[in-house]
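I opened this notebook to record what I looked up in the structure shown below. The entries follow the order of my queries.

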Amino acid sequence: MKEPIDDIEISRRQFIEGTSAALAVAVTASPVAGQTAAVPASAAVPRTTIRLAVNGKARRVEVEDRWTLAELLRDHLGLTGTKLGCERGECGACTVQLDGKPVYSCSTLAVWADGRSVRTVEGLARGGRLDPLQQSFVDHDAPQCGFCTSGQLMTARALLDANPHPTADEVRSAMAGNLCRCSNYNRYVEAVLAAAAAGGSRA
Amino acid sequence: MAEPLPPLKTVGHATPRIDAVDRVTGKATYTRDVRLPGMLYARVLRSPHPHARIRRIDTSKAAALPGVKAIATGDNCKVVWGAGGIAGGRQYSDEVKATTTQRRYAFNNPVRFVGDPVAAVAAVDRHVAEEALQLIAVDYELLPFVLDHEDALKPDAPKIWPEGNLALDVENKAQPMVQRRGSVDQALKQSAHVFEDRYSTQFVHNAQMEPRACVAAWDGDKLTVYTPTGGIANCRHDMARDLGIPEEKVRVICQYMGGNFGNKNQNQDADLIAAFLARLAGAPVKLETSRKEDFIGMHGRWPTTQYYTVGVKGDGTIDAIRLRAVSGMGGYRKNSGGMAGVELYACGNIESTISPAYTNRTVSGNYRGPEFPQGYFGVQSMMDDVAYRLKMDPVDFVLKNMARTAPGNASFTNFTLEECVRRGADAFEWKRRWRPQPGSDPGPIKRGAGMAFMEFRSGVGRSSAVITLDGKGQYTCFVGVTDVGAGAKTTMGMIAAEELGVPLSKIEVVWGDTDRCPYSVGESGSRTTIMTGYAVIEAARDLKKQIAEKGMPAREQKLIASATPNPTVEGRKVRNAFGAHFVEVEVDVELGRVRVTKYVSVADCGRLINPLTAKGQMAGGAIQAIGMALHEDLIYDQRTGQPLTAGFYYDRIPTHRDAPDIDVLFVESDDGYGAYGSKSLGESGKAPGPAAIANAIFNATGHRFKDLPITRARILEALA
């Protein structure tokens, strides 16, 4: 069964674009790969087809309107690097970048990403090379359990992109929405400052 | 001063984790990231009432919802959860599970706290599962409830168990835990000064970042469980026992987990419920819990009320300590409810009576030094106060009265507590920061300094390791650790590299899978490095011996070395880690705000295996201590029994903005035990923190805050 998710596979995109919207919905309402059975017909969940870029790759996806962006990324695009710590906008583990700005993907509906660009932790390394910020996190032992790390990275990357040389206080403020129960906060701040001092720009 | 230890090749050098890249690229697989073909999603329905009898559960509407594949309730699931709610807080004991009269089931009736599981549904996706929960009708008969652990022991309190609210011990007897030495009554009669006071501490949730989850799959009669557990071997044993299947029919896998702090040892009800649903549905089941469920449905640090009577000689020597205390265990007894602290003092007359009481609140259990931070807060606030009343410097009082031998006059394997205190006082500049007159700073912003100290068990014990060497020269170290965040995989690899005399890059570490790894003690009790680390050393020695005898293995050959040492400490000696925390705070008495302006944490954790991860552990412990001292509390509505602060936001765990610099200093020692002299580390980093912070607040303000947390509201109430 084909997944209702279209990346850069041209033939399928041409197929979908060459058919009526109604047909596209009918075709893409098939079960999502990896899930067992069809979503019950009685649920009649509203669905919308969205286009978005995920880590630089154009995607066209039919989503249930109730899906969060986190759910789309984790369960349907296989990008499980984005973590869910609370699903209510309190902890920041699910932080991704939406058009370059950090957002809580647990509190962002997938449909809101229509026409926009999403970057996740999987999109930081380029050509097998870690982003300098990732390398700095490794060197400073910033992740302990690692569960909040993706979110810390995405917030910090957005900060450095907007402000390449932040003060420690600016780093703490920018990252205040990313909790770490291992409480390795000072290591995270050190790692961000070190990456900034080393140039910190993207590889 | 202790001599610096002779350097080793790999051990003792700051080393990035061997799995660090997986952690920064999103490749590390946590339980919720596991996805199996045909997998269903499960959700748990929990009691909305603090205490109620279930008359009837009607699941017919939920069962009729398309996409629902299995429903579990107490009607069809009679599984007893052995790792929780058993008498005496003896979590691991199979015997106690068989004999206790107070059994905790996966689904209980009556329900005893808001959050007690009532039913669970497995469905084709999580939205259907959630919808199905709404369709389950439960007819509750509401029962009177009690929230406060002292109220629970009053004669007219609602009974949570037929035997009453004083928790039963392993012999099914309702009696407090009593420790006695000397005669407190007699000593108090002769004391120059007698002081009495009451201290209390709150329920503090572990609040690890990863909410509990489980993926359970049956292949015939073999069960595979992916779960965030700190002890895969314990979890496997518990699952087999609770489900009544042979241990070899259970496989437990935990590759990465999002924090532990004592909250994820052994098996959990979520594991049993997922396994039960998976068997019922004939398909793999992923059970996920929400953050709120994790806060109210799991467990945290037991709240306490502590009454002290202390007798002191004219020269400031402690004569007698009496502690009468009550611990709140929630609806089930998952751990002892004990309190550490009185043993810290060289005092011949000690009497400690601790009553673990059932309440209709979330269950209390293990959280980072289960009986330490709350006990230390009480006794070390009390003693700090005694020092001021005697016009003594608290550091001098501690140095005068600290126990230099273990209870029963047993000696320690080594004793560095005094050095830790002196080193900390110097590094902190105690004499400069401490105010001889508490609260003497002019103006509304007042500074002050406080300190507290600790001992933490570092006993040796049984664990296993296997190391293989293949014909290509690849060493593989198999250890049953899961790496809860402390860096155990890297530590084990470093120990193997050291003992084998090869670089760490030559060692592959295999972990977190009971089908591939030998027994490990589990990452609780801060003992992985001591016990499993020592097993790695023994396995490496065996491998070296084999290489010496047989030579390096040829192309298709493999050498396999294994060890299950069960070392003991010589004679009656006691092995402890030691340490002291020194804290300076700034209290704005008009705003009620506390800022930590200096924090020095000193510890003898034996020899450090990896200083990089060790320092992070100690700093993290100190920041968790700040959260416990100033913010965190699971508050209940007294009228309805509803938890009001179940979540990160209202519980207020520390954020980036609340984290001061933590100066971590180690007094390294090697007493000849553990792996290269390593001692316990992870839990001890938090233990004395809340006491030290509270003592600093006293020094700053001149007001003794006797109840944790010391919130802004409490400060304003006392001082504004």
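Entry 1, domain separation. The model is a predicted one, and I began with two domains of chain B. I took the C-alpha centres of domain 2 of chain B and domain 3 of chain B and found them 36 Å apart. I then listed the contact between these domains: 18 residues come from domain 2 of chain B and 19 residues from domain 3 of chain B. Sorted by class, the side of domain 2 of chain B that touches domain 3 of chain B holds nine polar, six nonpolar and three charged residues.

Entry 2, domain bounds. I noted the assignment for chain B: domain 1 covers 20-27 + 460-563, domain 2 covers 34-143 + 212-288, and domain 3 covers 300-459 + 571-719.

Entry 3, a sheet in chain B. I traced an open sheet of five strands, with the order β6-β16-β15-β14-β7 (chain B) and mixed pairing. Which strands stand at the edges? I found β6 (177-181) and β7 (193-201) of chain B there; each has a single partner strand, so one side of each lacks a neighbour in the sheet. From one strand to the next, the twist averages 5°.

Entry 4, one strand pair. I examined β14 (residues 304-312) and β15 (residues 318-328) of chain B, which pair in the antiparallel sense over nine bridges. For B:Gln306, I recorded B:Ala325 in β15(B) as the bridge partner.

Entry 5, a helix on the strands. I located helix α10 (residues 372-389) of chain B lying across β7 and β14 of chain B. The helix runs at about 145° to β7(B).

Entry 6, contact between the chains. I counted 54 residues from chain B and 50 residues from chain A in the contact. I then asked which helices of chain B each supply at least two residues of the side that touches chain A. They are α1 (20-25), α4 (126-134), α16 (611-630) and α17 (648-651). With seven residues, α16(B) gives the most to that side. By class, the side of chain B that touches chain A divides into 27 nonpolar, 17 polar and 10 charged residues.

Entry 7, confidence in chain A. I read a mean pLDDT of 84 for chain A, with 77% of its residues at 70 or more. Over residues 7-39 of chain A the pLDDT is below 50, and this stretch has 42 contacts in the model beyond near neighbours in sequence. Where pLDDT is low, predicted coordinates should not be read in detail.

Notes:
Residues numbered from 1 in each chain as written. Chains lettered and ligands numbered in written order. Predicted model: local features only at pLDDT ≥ 70, side-chain atom pairs only at ≥ 80, totals over all residues. pLDDT = per-residue confidence, 0-100. Contact = placed C-beta atoms within 7 Å. Domains from an automatic or database assignment. Nonpolar A, V, L, I, M, F, W, Y, C, P; charged D, E, K, R; others polar. Pairing = 2+ DSSP bridges. Axes fitted to C-alpha atoms, helices over the stretch in contact; angles between N-to-C directions.
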